[in-house]
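Colleague: Could you take me through this model? I should like to go from the chains to the details.

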Amino acid sequence: MAENGTPSVDNTSSPQPATPQGEPRLRMVGIGKSFGAVRALSGVDFEVYPGEVVGLVGDNGAGKSTLIKTISGVGPADEGEIFVEGQPVKITTPQAATRLGIQTVYQDLALCDNLDVVSNLFLGREQISPLRTLSENDMESHGLRVLRTLDVKLPSVRAIVSTLSGGQRQSIAVAKSILRNASVVLLDEPTAALGVAQTRQVLQLIRRLREQGLAIVVISHNLADVFEVVDRVIVLRLGKRVGTFTVKDTTPEQIVSAITGAEFGQLLETNGNGGH
Amino acid sequence: MSEMIGHTPDPGSTTVEEHTPSAVEVPSYRQRQSIGQLLRNDLGFIPVLITLVLIMVFFQFVSKGIFFSSGNLTNLFLQTAQIGLLGVGIILVLLLGEIDLSVAAVSTLCGVILGVLSERVGGGLPPWISIPGALLSGALIGFLNGYFIAVLRIPSFIVTLATSITYSGLLITLLQGQATLEIRNSFIDNIAGSPTSYLTDALGIGLPTVVVLLYVLYRVLNYRRRQTMGLRNPSLPSFVGILILTVVLVEGAVVIFESNNGVPYSTAILFGAILVFWIILTKTSFGRHIYAVGGNKEAARRAGISVVGIQLAVFTLCSFMAAAGGIIEASRSTSASTQVSSNLLLNAIAAAVIGGVSLFGGKGSIWSIVLGFLIIGSLANGLALLNLGADVVAIVEGLVLLVAVTVDALIRRAQARTGR
């Protein structure tokens with residue numbers, strides 16, 4: 001099944017079924033998850049290709065966070081299959097996700113404000129000299145290399161993180177995931193709480209990641225951002241995938257109607273009629 | 001302010017370095033900072049240093065020149081060795097954002113354990129058993145503290161308060177009603193309690209000199225290595241200036257000690273411990289993880305750091321240092337006492353906080369303890385020179401601590417206003 005190159009994973013016939021060719025970097029089939037009697041996800045398929053930015057949108061309670069947690073290993077799925085590069089895998093812990101090259105940048109960024117940029121980039125996986133001391137210079141030049149590929153601007157890589165702007169902090173959190181050999185990066189609300197200029201900076205950063213051939217998933221409430229940087233939008237509603245759109249051929253109204261289930265303009269030929 | 005530094009290189013401060021458009025760092029090495037920011041960051045120790053100098057000059061003046069005599073300064077270090085050793089442990093715990101209120105009781109208890117092992121058990125055990133025995137007891141006690149705090153997740157404030165009370169009772173039980181136990185073992189007494197408890201001149205001059213030269217060598221090699229790797233270095237004048245200042249400080253202290261009896265063993269032990277913990281905190285991943293846990297526990301956990309392991313290790317080390325302080329104090333007074341000094345705990349914590357270690361975790365250098373115990377020690381020593389009683393000493397010390405914490409908080413707030 002993994003050899004199935006035709007990307008017809010969508011069980012919903014979306015208006016513009018557009019998926020890049022080739023093997024998805026990450027593919028999930030029939031993901032389901034329940035919390036007690038609440039069915040948070042049911043039969044959700046999900047896929048993201050190398051060099052692609054997928055936007056994951058949906059209203060509050062649609063199951064975005066739950067789906068992300070099944071990918072990042074924080075809240076493993078009850079049912080369904082996951083493939084990385086076509087190989088079936090199990091993601092039961094965050095460590096397992098990390099080993100598979102899946103990195104999640106959470107909204108709170110998980111940076112130590114009291115440490116400098118380099119210390120944060122290598123936190124928990126410091127480079128050590130033969131004398132068992134920190135190889136500060138090696139880490140610094142390695143960190144600089146990665147930050148340069150992402151075109152990040154900082155006062156100094158030895159600046160304390162608490163002195164940096166929100167956009168710079170977001171960039172560091174992303175660079176941290178790159179340094180952990182990520183091939184799939186999940187960004188949870190990357191532009192929330194950022195100003196206009198900083199939002200621009202982060203969107204530019206996402207484009208850079210795409211150029212590097214990473215598979216990127218962006219969870220966002222902000223449709224303007226989504227339309228600016230995302231290639232494909234996957235819409236969740238009430239725990240189900242209700243639509244897939246190619247941003248090029250879609251209007252924000254179509255996505256809003258898929259998110260809310262309101263059927264103005266164009267009738268969706270999906271099970272998107274309110275669900276339960 | 002930091003906003004604009006973040007995006008556009010400051011055209012006013014171009015340097016000789018050539019920067020391609022894709023350079024990560026903006027050209028100026030030092031960003032423009034307000035005085036408040038400077039005080040909070042690199043120069044945070046300056047107000048403390050000024051305070052120390054003012055206190056010392058004041059006592060020099062009112063004691064009619066006795067204070068700055070090398071004999072009195074040596075005395076000052078002898079009197080503060082225990083506070084310094086406890087303070088080193090306290091700093092480790094403060095860096096985690098925790099507190100250890102049991103250090104004074106643990107320190108005294110380990111002094112008693114040393115005395116009991118050395119005088120009573122089996123007719124008196126040799127020092128190479130009694131001293132490690134006392135140190136190990138301290139480590140074990142710290143591990144127990146850490147177990148309650150890290151594994152069972154009880155607030156450190158309550159855990160260490162409770163164990164402090166327990167141990168102050170336990171040490172009376174251990175001494176079986178005796179108020180003080182004289183320690184007659186000459187090796188133990190010789191650590192800090194005899195007129196010969198000083199390094200020989202060769203060692204007293206040689207050890208610090210070798211250490212400071214090694215440090216200079218390391219800094220110079222590192223400077224050149226960073227140059228060849230294309231990494232940023234501080235400007236040459238400030239680099240050389242700091243090295244010269246370090247050498248002058250160390251050799252100046254050596255001259256003061258040597259013009260009296262030499263470097264006391266206890267001072268050598270204290271500075272040896274500070275040096276070891278400076279290396280651990282700044283040059284190893286264990287030390288980096290201590291700062292990380294103190295700064296953001298959740299981020300540390302997600303980065304794969306064992307938060308529980310770090311907490312256990314730090315509380316163990318803290319009580320180990322308390323035990324070391326207890327041994328030095330037992331040696332200095334050539335006896336083990338059931339009396340837990342009422343000032344010891346607060347002096348140790350005050351020394352750490354006055355020196356500039358944040359009470360909220362993650363910020364501060366181990367070297368702060370030197371400034372801290374010198375201020376605490378100078379006050380006690382200077383007021384004693386003026387024949388003022390313990391009451392005045394306590395009042396003044398309390399006020400100085402209050403001022404130090406207030407200044408810290410005000411600077412922090414000023415920075416919060418100008419910060420991002």
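Modeller: The following conversation covers the two chains, a sheet, a helix pair, the interface and some loop residues.

Modeller: This is a predicted model, in which local features need pLDDT of at least 70 and side-chain atom pairs count only at pLDDT 80 or more, while totals for chains, interfaces and linings use all residues. Residues are numbered from 1 along each chain as its sequence is written, and chains are lettered from A and ligands numbered from 1 in the order in which they are written.

Colleague: How many helices and strands does chain A have?

Modeller: Chain A has 8 helices and 10 strands. Helices (H or I, at least four residues) and strands (E, at least two) are DSSP runs, numbered from the N terminus.

Colleague: And what about chain B?

Modeller: Chain B has 17 helices and 2 strands.

Colleague: What share of each chain is buried?

Modeller: In chain A, buried residues make up 50% of the 276 residues; in chain B, they make up 41% of the 420 residues. A residue is buried if 20 or more other C-beta atoms lie within 10 Å of its own, exposed if 12 or fewer, and partly exposed in between, with C-beta atoms placed from the backbone.

Colleague: What part of the contacts joins residues at least 24 apart in chain B?

Modeller: For chain B it is 78% of the contacts between residues at least 6 apart in sequence. For chain A, residues 24 or more positions apart account for 67% of the contacts with a separation of 6 or more. Two residues are in contact if their C-beta atoms, placed from the backbone, lie within 7 Å.

Colleague: Turning to the sheet in chain A, what is the strand order?

Modeller: The order is S6-S7-S8-S3-S9-S10 in an open sheet of 6 strands with mixed pairing. The edge strands are S6 and S10 (240-246) of chain A, each of which pairs on one side only. Neighbouring strands are turned by 20 degrees against each other on average, direction ignored. Two strands pair if DSSP finds at least two bridges between them.

Colleague: Which sense does each edge pairing take, parallel or antiparallel?

Modeller: S6(A) and S7(A) pair in the parallel sense over 4 bridges, and A:Val105 has A:Leu187 in S7(A) as its bridge partner. At the other edge, S9 (residues 232-237) of chain A pairs with S10(A) in the antiparallel sense over 6 bridges. There A:Val233 has A:Phe245 in S10(A) as its bridge partner.

Colleague: Which residues cover the two faces of S6(A)?

Modeller: On one side are A:Ile102 and A:Thr104, on the other A:Gln103 and A:Val105, and all are buried. In a regular strand the side chains alternate between the two faces of the sheet.

Colleague: Which strands does helix H6 of chain A lie across?

Modeller: Helix H6 (residues 196-211) of chain A lies across S3 (52-58), S7 and S8 (215-219) of chain A, running at about 155 degrees to S8(A). Axes are lines fitted to C-alpha atoms, for helices over the stretch in contact, and angles run from 0 to 180 degrees between N-to-C directions.

Colleague: Now for chain B. How do H6(B) and H14(B) cross?

Modeller: The axes of H6 (residues 127-151) and H14 (residues 307-332) of chain B come within 7 Å and cross at roughly 145 degrees. By class, their contact has 20 nonpolar, 9 polar and no charged residues. Ala, Val, Leu, Ile, Met, Phe, Trp, Tyr, Cys and Pro count as nonpolar, Asp, Glu, Lys and Arg as charged, and the others, Gly among them, as polar.

Colleague: What follows H6(B)?

Modeller: H6(B) is followed by B:Arg153, whose phi is positive, near 55 degrees.

Colleague: How many residues does each chain give to the interface?

Modeller: The contact takes 35 residues from chain B and 31 residues from chain A. On the side of chain B, the elements that give two or more residues are H1 (2-7), H9 (201-229), H12 (285-295) and H13 (297-302). That side divides into 12 nonpolar, 12 polar and 11 charged residues.

Colleague: What does A:Gly124 touch?

Modeller: Not counting residues up to four places away in sequence, A:Gly124 touches B:Ala303, B:Gly304 and B:Ile305. A:Gly124 lies in the loop between H3 (117-121) and H4 of chain A, and counts as partly exposed with 18 C-beta neighbours inside 10 Å.

Colleague: Lastly, where does A:Asp151 lie?

Modeller: A:Asp151 lies in the loop between H4 (136-149) and H5 (166-179) of chain A. A:Asp151 has a positive phi of about 55 degrees although it is not a glycine, and is partly exposed, with 15 other C-beta atoms within 10 Å.
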